[in-house]
Amino acid sequence: MAKELAVESPPVNVYESNGQITVAIPMPGAHGETVEVSLDGRRLTVGAESRYAQAQQHYHRHEWSVGNFHRELELPRPVQPQGAKATLTYGILTVSLPIGEGGSSRTRIPVAEPTHQGKDR
């Protein structure tokens, strides 16, 4: 499927609250070990490879894709790499960055993927 080879540029939500900038990016099929997040000054870069077990099916409708995701964006305010967090939960990557003057060197932000203990209620 040629669509899987394309690099998708997913939409983002960027908001500010409680002294931090938060970036939320939907990444269907992505897993924490295949997601890379880095910060270089005010530039946030996110890359991921997502997989979906039934990608070879005969689809009647195929509106979202799996494959490679890449997104770079300039943050609206300076942020600090210390204290930055990235979490992948239910297919949404959330990156939280404390506001403030930070370093200018490239910093990799590890991605956590919490385990979900309960079933849907």
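Helices (H or I, at least four residues) and strands (E, at least two) are DSSP runs, numbered from the N terminus, and with that in mind we can place S96 in strand β8. Before going on, I should say that this is a predicted model, in which local features need pLDDT of at least 70 and side-chain atom pairs count only at pLDDT 80 or more, while totals for chains, interfaces and linings use all residues. Residues are numbered from 1 along each chain as its sequence is written, and side-chain values use heavy atoms, with hydrogens and water left out.

Is S96 buried or exposed? S96 counts as buried because its relative accessibility is 15%, where buried means under 20% relative accessible area, exposed over 50%, and partly exposed in between, with a 1.4 Å probe and protein chains only. Leaving aside residues up to four places away in sequence, S96 touches Q20, I21, T22, G83, A84 and K85, a contact being heavy atoms within 4.5 Å.

Strand β8 also belongs to an open sheet of 5 strands with mixed pairing, in the order β2-β3-β8-β7-β10; two strands pair if DSSP finds at least two bridges between them. Since β2 (13-17) and β10 (111-112) stand at the edges with a single partner strand each, one side of each is left without a neighbour in the sheet. The partnership of β2 with β3 (residues 20-26) is antiparallel and runs over 5 bridges, and there V14 has V23 in β3 as its bridge partner.

Finally, let us look at L75, which touches I21, V23, L39, R42, L44 and L97, again not counting residues up to four places away in sequence.
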